[in-house]
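This report concerns the ligand surroundings, the nonpolar core and the backbone geometry of one protein model. The sequence and the structure are shown first.

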Amino acid sequence: MTKKRVELLLPAGNMEKMKTAFLYGADAVYLGGPLLGLRAKAGNFTLEEMAEAIDYAHSIEKKVYITTNIYAQNMDLDAAREYFRSLAVIKPDALIISDLGLMRIAKQEAPEVPIHVSTQANVTNYESCQMLADLGASCVVLARELGLDEIRETVDKCELDIEIFVHGAMCMSYSGRCMMSMFMTNRSANRGECTHPCRWQYHVVEQQRPGEFIPVEEDERGTYIFNSKDLCTIYELDQLIGTGVSSLKVEGRMKSVHYVATVCKAYRQAIDAYYQAPEDFQANDQWIRELKIVSDRDYCTGFYFGPPTGDDHNYGDYDVERTVKFCAKVIGYDEERMSLVLEQRNRFFVGDRLEILRITGFNTTFEVDRMWDDKDQEIDYCPHPRQIIRVPYREPLPEGTLIRVCRED
Ligand code: SF4
C-alpha cells in the first residue's frame, strides 16, 4: 500500500478554473487541449495556453495532466503523432490516455511524459493494471464500477499508482463507454461530443397506443430514467483514502469556476482533516452544505459500497434552495480607500449580504454599504457582466477569492 499523501485532482476547463482550483487547494489539475480530449465543448486550451498553464503550475509546485483520451480512429493517428510531439516540448506531468494505439504513439513521440490510463479504458482488475504498467503506464484511473474491496486489492497487487473518482457526474453506461448520444444526436461521447441525452426526460409509449406518452415516475421532479445521481464520497472519504489510492479525482471540466472552487475547498478540508486524525474522520455539515450549493441533483456513492439500487446511498431528499449565488471575484485591494476591487459575475445590490468563499477556514459574510464603479461613480448595483467595482472591506483578500451574494435573508 502506498504511503504517499493522496493527491486532490480537479478539472480545469480554462485558465481561470485552473488557477481557482490551485488557489482552493488542488494538488493537480487535468485539462484538455485542441485535440484528442473527451470534452469537445469544455473550453479547451490552445497549445500556447497549455504551455503557460504548465509553467504556472510548476512555479507553485503543482501538476498538470493533459487529457488525450478519445478512442482514436485511423484518420486521427497522423495528427495525434504530431500533437504528442508538441506535448513533449511543453512537458505536462502526464498524458491521460484510453486508446492503446495512442499510448503507443505517446511512448514513441513523448517518451519522457508519464502516461495515466483514463477511466474510459474501463480497467477493472489488477492484472489489467499490471499489463498497462508493462506497457509503460505509471497510473491507472480505475473504472467507476468497482467496490472499495476491489480497489484495495488492486492497489495492494499493483506497482503503479491508482486513481479513483470522488465526486461528480456519473454515466449510466459503463464508465462513459456509451452510444446514447451518438444514437440520439449523432454526436459521439467517445469522441468528446456527448450531448447528455441520459439527462433528458423520457416517457414510455405502449405499442398499441401510439401518441400516448406515459410518464415514468421517479419522483415529483421528473422522469429521468437513465439519469444517474452524481457521485459524492465526502462522508466516506476516510475509507476511500484507506484503500491506498494515490489520487482522488473530481469530475467536471465543463463545470463553472464556482463549482471548481466550492468542491475543491470541501475535499481539501476533508483530506486535511483525515490526515490530522484518520481515526476520528467525520464529514462536517459545512462541507455537505457547500457540495449541495453547487449541485442540481442528488448525490450517491456510486459503486463503492455495492451496486447502486434505487434509493440506496441517497443522502436524503434534494430540497436544497440556492441560498447563495456566485456574484464576484476578488481582483485586488485598494489600500487607500480600504476597498475590495471586484469583477462582477452576477448582479448584486447595495444592502446585500455577501459571503466570502474563504480559501481556508469558515466562510464569512459582510454587508455591502456602498459601491463604486471603475470611474469612481457611486452606484446602487452592478448590472454589467465582468464590471469592475469597489466595495468597502476592512482587509485585503487573496486575489481570485470568490464572493457570493446571500439570498436567504
Ligand atoms: S449520454 Fe449520459 S451516460 Fe452516455 S456518455 Fe453522455 S453523460 Fe455518459
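Helices (H or I, at least four residues) and strands (E, at least two) are DSSP runs, numbered from the N terminus. The model is predicted: local features need pLDDT of at least 70, side-chain atom pairs count only at pLDDT 80 or more, and totals for chains, interfaces and linings use all residues. Residues are numbered from 1 along each chain as its sequence is written, and side-chain values use heavy atoms, with hydrogens and water left out.

Most residues other than glycine have a negative phi. Two residues that are not glycines have a positive value, as tabulated here.

| Residue | Phi | Loop between | Relative accessible area |
|---|---|---|---|
| Glu 61 | about 60 degrees | α2 (47-59) and β3 (63-67) | 75% |
| Asp 376 | about 65 degrees | β17 (372-373) and β18 (388-392) | 37% |

Glu 61 is exposed and Asp 376 partly exposed (buried means under 20% relative accessible area, exposed over 50%, partly exposed in between; 1.4 Å probe, protein chains only).

The largest nonpolar core (buried Ala, Val, Leu, Ile, Met, Phe, Trp, Tyr and Cys residues joined through side-chain atoms within 4.5 Å) has 90 residues, of which Leu 31, Phe 84 and Ile 234 touch the most other members. Helix α9 (residues 257-276) gives the most to this core, 11 residues. Domain 1 (7-170 + 228-300) and domain 2 (324-406) both contribute residues, so the core lies between them; the domain bounds come from an automatic or database domain assignment.

Around the ligand are 10 residues, and Cys 171, Met 172, Cys 178, Cys 194 and Cys 198 come nearest (near means a heavy atom within 4 Å).
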